[in-house]
Amino acid sequence: MTTGMIFGIQSRSIHDGPGVRTTVYLKGCPMSCPWCHSPEGISPHPELAYQDRRCVLCGDCESVCPTGALSMSKTKGLVLIENDLCSRCRRCQDVCLSRALEVVGRETTVEQVMAAIERDSISHGQSSGGVTFSGGEPLQQPDFLAALLQGCRSRGIHTALDTSGYASPEVIEGIAPLADLFLFDVKVVDDRRHQELTRVSNGQILANLRWIVSQGRPVILRVPVIPGISDDEENLRAIAELARSLHPHQRVDLLPYRAIAAEKHRRLRREYLLSNVQPPSRGRLSQIAAYLEEFGLAVKIAG
Ligand code: SF4
Ligand code: SF4
C-alpha cells in the first residue's frame with residue numbers, strides 16, 4: 001500500500017488552477033526560500049505547531065505529555081516546547097480545548113486521499129475544476145504523487161502540479177505524463193542569486209522546465225512577487241525572456257507576497273528573515289504585469 005506524508009487537504013480552492021479545486025499539500029521541501037508561505041511543508045516529518053495567542057496557560061498539555069517536551073512558562077506567558085523530545089503522539093493536541101497546539105503532518109494512504117478528493121467531485125464537475133498537488137514540494141514523494149495522479153486520471157479528474165521543479169530528470173520524466181497541468185514556480189533566474197536565496201541551484205530546475213514544455217505539457221509559470229527580492233527589473237526581464245522562450249504568449253501568474261508567512265513561521269518557532277517586507281501594492285503588481293505584457297506574455301495577478 002503506497003503511503004505519503006501530507007499536511008492538509010483543502011476543498012474549494014480557487015487559486016491553484018482552473019475551476020474549483022481540491023488542493024492536497026504534500027510535506028517535505030529541499031529548498032529554503034525565506035519568504036515561504038507554507039513553512040509547515042518544509043520538513044518531511046510531522047511537527048508540533050503552537051499558537052501562543054490562543055493559549056490560556058491551563059497546563060493540561062504539560063500534564064499529558066509523556067516525554068516532558070512541554071513546560072509552562074508563566075513569566076513568558078507561553079508553553080515552552082523542546083522539539084527533540086516530542087514524539088508527535090498528539091496527546092497535547094487532543095487535550096487542548098483552545099486549539100493552540102497541533103501536530104502538522106500525517107502519514108496517509110493513496111486510498112484515503114482519493115476518498116477525500118471524491119467527496120469534492122460535484123464542485124469539480126460543476127466548475128471544470130479538479131485536484132492540485134502542492135506542498136512543500138510534491139516531487140519529493142514521487143511514488144506517492146504518481147499513484148495519486150494515476151488515481152485521478154483513472155477517475156477522469158483534472159490534475160495540476162504546483163512545483164518548484166526541483167527534482168531529478170528521472171522523477172520529472174516519470175511524473176510529467178501523468179499531470180494535466182504544471183504550475184511551475186520561477187523565483188529568480190540568476191543562478192547565483194537563486195542559490196543565495198534558496199540554497200539550491202536552478203540549473204536543473206530550468207532544464208526540467210524546458211523539458212516539460214518540449215513534451216507539450218501545459219505549463220503556467222508562477223512568479224512570487226517579493227519586494228526587494230524578486231521584483232527588480234533585471235529579474236523581471238530575465239523572467240520575461242525565459243517565458244517568451246517557452247512560448248511567445250506564455251501564461252505568467254504573479255503571486256503577491258503575503259504577510260501571513262511571518263505568523264506561520266512563528267507557530268513553528270522558525271526564524272523569519274523578512275519581517276520588514278511589506279506585501280506589494282495593487283499598483284505595483286499592475287505595473288509589473290504591464291511590464292511583462294510588453295513582452296507579449298499573458299499575465300494574471302493571483303488573488
Ligand atoms: S492545553 Fe492548550 S491552552 Fe492549555 S496550556 Fe497547553 S497549549 Fe495552552
Ligand atoms: S505531541 Fe506528544 S510528545 Fe509531543 S509535545 Fe505533544 S504530548 Fe508531548
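**Ligand shell and backbone geometry in the predicted model**

Ligand 1 is surrounded by 13 residues, of which Cys55, Cys58, Gly59, Cys61 and Cys96 come nearest; a residue counts as near a molecule or strand if one of its heavy atoms lies within 4 Å of it. By class, the shell around ligand 1 holds 11 nonpolar residues, 2 polar and no charged. Nonpolar covers Ala, Val, Leu, Ile, Met, Phe, Trp, Tyr, Cys and Pro, charged covers Asp, Glu, Lys and Arg, and polar covers the others, Gly among them.

The model is predicted, local features need pLDDT of at least 70, side-chain atom pairs count only at pLDDT 80 or more, and totals for chains, interfaces and linings use all residues. Residues are numbered from 1 along each chain as its sequence is written, chains are lettered from A and ligands numbered from 1 in the order in which they are written, and side-chain values use heavy atoms, with hydrogens and water left out.

A cis peptide bond links glycine 135 to glycine 136, with omega near 15°. Glycine 136 lies in the loop between β8 (130-135) and α5 (142-154); helices (H or I, at least four residues) and strands (E, at least two) are DSSP runs, numbered from the N terminus.

Positive phi values occur at two arginines. Arginine 90, in the loop between β5 (78-81) and α2 (91-95), has phi near 75°. Its relative accessibility is 25%, so arginine 90 counts as partly exposed (between buried, under 20% relative accessible area, and exposed, over 50%; 1.4 Å probe, protein chains only). Arginine 269 has a phi of about 60° and is placed in the loop between α10 (260-267) and α11 (282-293). Arginine 269 is likewise partly exposed, because its relative accessibility is 34%.
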